[in-house]
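Reader: Please take one part of this model under the lens and work outward from there to its surroundings. I would like the cut-offs behind each term to be stated as you go.

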Amino acid sequence: MYSETVMDHFTHPRNMGEIPNASGTGTVGNAKCGDIMKIDIQVEDGIIKDVKFKTFGCGAAIATSSMASEMVKGKSLSEALKLTNLAVAEALGGLPPVKMHCSMLAEEAIRAAIEDYMAKHPEQP
């Protein structure tokens, strides 16, 4: 049902935790399935230097949070905003159709964290 990559990110999640005094934080959820994702980013000179996540949800939700955090770390804010749920799912080797909403939550959480950062730093381009 799940790829080896999904299982690896579920059993060995990368970047789990919180960033004290994060530059930006995004929290999203899906009332239908109960998944909640919180992503913190630390931004320096327009680059996401660190990413941490906390996810309450199924294995696919944890795996997509982990993969999305890996995909945006070290990227510029504009590059990170281009992250799509399809790219996250593809990087994981695919997700079952009923779990694609997890990759959408990961995309939305990254976007929300960046939007929070931009709201706190309106002087940034």
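## A loop and the helices around it

Author: Pro-20 has a relative accessible area of 66% and is therefore exposed, where exposed stands for over 50%, buried for under 20% and partly exposed for what lies in between, computed with a 1.4 Å probe on protein chains only. The model is a predicted one, in which local features need pLDDT of at least 70 and side-chain atom pairs count only at pLDDT 80 or more, while totals for chains, interfaces and linings use all residues. Residues are numbered from 1 along each chain as its sequence is written, and side-chain values rest on heavy atoms, with hydrogens and water left out.

Pro-20 sits in the loop that connects helix H1 (4-11) to strand S1 (24-29); helices (H or I, at least four residues) and strands (E, at least two) are DSSP runs, numbered from the N terminus. Between the C-alpha atoms of Pro-20 and Ala-87, which are 67 residues apart along the chain, there are 28 Å.

The loop between H1 and S1 also holds Asn-15 and Asn-21. Asn-15 has a phi near 65°, a positive value in a residue other than glycine, and Asn-21, which is not a glycine either, has a positive phi of about 55°. Their surroundings can be set side by side: Asn-15 is buried, since its relative accessible area is 11%, whereas Asn-21 is exposed, at 74%.

On the N-terminal side of this loop, H1 packs on H2 at an angle of about 90°, with the axes 8 Å apart; the axes are lines fitted to C-alpha atoms, for helices over the stretch in contact, and the angles run from 0 to 180 degrees between N-to-C directions. H1 and H2 are therefore roughly perpendicular to each other, a term for angles of 65 to 115 degrees, with under 35 counted as roughly parallel, over 145 as roughly antiparallel and the rest as oblique. Thr-5, Val-6, His-9 and Phe-10 of H1 meet Gly-59, Ile-62, Ala-63, Ser-66, Met-67 and Glu-70 of H2, contact being heavy atoms within 4.5 Å. By class, the residues of this contact are five nonpolar, four polar and one charged; Ala, Val, Leu, Ile, Met, Phe, Trp, Tyr, Cys and Pro count as nonpolar, Asp, Glu, Lys and Arg as charged, and the others, Gly among them, as polar.

H2 (residues 59-72) also packs with H5 (residues 100-120), and here the axes come within 8 Å and cross at roughly 40°. That angle makes H2 oblique to H5. The crossing of H2 with H5 is right-handed, which is to say that the near helix is turned clockwise from the far one by less than a right angle, anticlockwise being left-handed. H2 contributes Ala-60, Ala-61, Thr-64, Ser-65, Ala-68 and Val-72 to the contact, and H5 contributes Cys-102, Ser-103, Ala-106 and Ile-110. Seven of these residues are nonpolar and three polar, with no charged residue in the contact of H2 with H5.

As for the whole protein, five helices and three strands follow the order α-β-β-β-α-α-α-α from the N terminus on. The radius of gyration is 13 Å, close to the 14 Å that the globule rule gives for 125 residues, so the protein is as compact as a globular protein of that length; the radius is taken over C-alpha atoms, and the rule is 2.2 Å times the number of residues to the power 0.38. Buried residues make up 43% of the 125.
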